[in-house]
Amino acid sequence: MAMAGEVLLTISRDEAERARLESEFKYELDRQSDMVSSRREGERIGLEKGKLILEKERRETARRLKAMGLNADQIAAAIGFSLDLEEI
């Protein structure tokens, strides 16, 4: 009887340890997943901001080139794509 009680205590301790380790493992996976998600969101936001800045700079360059008397084809060649000159 005493031996059976000892086995039950060992099983209970092992089960508790397994549950604790599983909980730690899940916590670590969740934390890593959150970090990856945050990094991806930061990259997405950074890319969006970068695209807006690039567009603004291209439009400003196109305005300057237009003021210098360049035509639409020349401006498109200089900035790498065409813009509607009426927009700038």
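Guide: Accessible areas here come from the Shrake-Rupley method with a 1.4 Å probe. The model under discussion is predicted. For the protein chain, the accessible surface comes to about 7,500 Å², and 58% of that surface belongs to carbon and sulfur atoms.

Visitor: How many helices and strands does the protein chain have?

Guide: The chain contains two helices and zero strands. Of its 88 residues, 9% are buried.

Visitor: How should one read a nonpolar core, and which residues form the largest one here?

Guide: In soluble globular proteins, nonpolar side chains tend to be buried together. In this model the largest nonpolar core consists of five residues, namely Ala62, Leu65, Ile75, Ile79 and Leu83. Two elements, α1 (2-67) and α2 (72-79), each give two or more residues to this core.

Visitor: Which residues is leucine 65 in contact with, leaving aside its neighbours within four places in sequence?

Guide: Leucine 65 is in contact with Leu70, Ile75, Ala78 and Ile79. Of these partners, Ile75 and Ile79 are also listed in the largest nonpolar core.

Visitor: How far apart in space are threonine 61 and isoleucine 75?

Guide: Their C-alpha atoms are 8.6 Å apart, while the two residues are separated by 14 residues in sequence. Threonine 61 belongs to helix α1.

Visitor: Why does threonine 61 count as partly exposed?

Guide: The class of partly exposed residues lies between the limits of under 20% for buried and over 50% for exposed. Threonine 61 is placed in it because its relative accessibility is 29%.

Visitor: How should one read the charged side chains, and how many salt bridges are there?

Guide: Side chains of opposite charge can pair when their charged atoms come close. The count for this model is twelve salt bridges. One of them joins glutamate 24 to arginine 20, with the closest N and O atoms 2.3 Å apart. Both residues lie in helix α1, four residues apart, about one turn of the helix. Glutamate 24 is partly exposed at 44% relative accessibility, and arginine 20 is partly exposed at 38%.

Visitor: Which residues are linked with Glu22 in a network of salt bridges?

Guide: The network links Glu22 with Glu15, Arg18 and Lys26. Within it, the side chains of glutamate 22 and lysine 26 meet at 3.3 Å, N to O. These two residues are four apart in helix α1, about one turn of the helix. Glutamate 22 has a relative accessible area of 36%, and lysine 26 has 48%.

Visitor: Where do glutamate 60 and arginine 64 lie?

Guide: Both lie in helix α1, four residues apart. Their side chains meet in a salt bridge of 3.6 Å, N to O. Glutamate 60 is partly exposed, with a relative accessible area of 30%.

Conventions. Residues numbered from 1 in each chain as written. Predicted model: local features only at pLDDT ≥ 70, side-chain atom pairs only at ≥ 80, totals over all residues. Heavy atoms only, no water. Core = buried A, V, L, I, M, F, W, Y, C linked by side-chain atoms within 4.5 Å. Buried < 20%, exposed > 50% of the residue type's maximum accessible area, 1.4 Å probe, protein only. Contact = heavy atoms within 4.5 Å. Salt bridge = Lys/Arg side-chain N within 4 Å of Asp/Glu carboxyl O.
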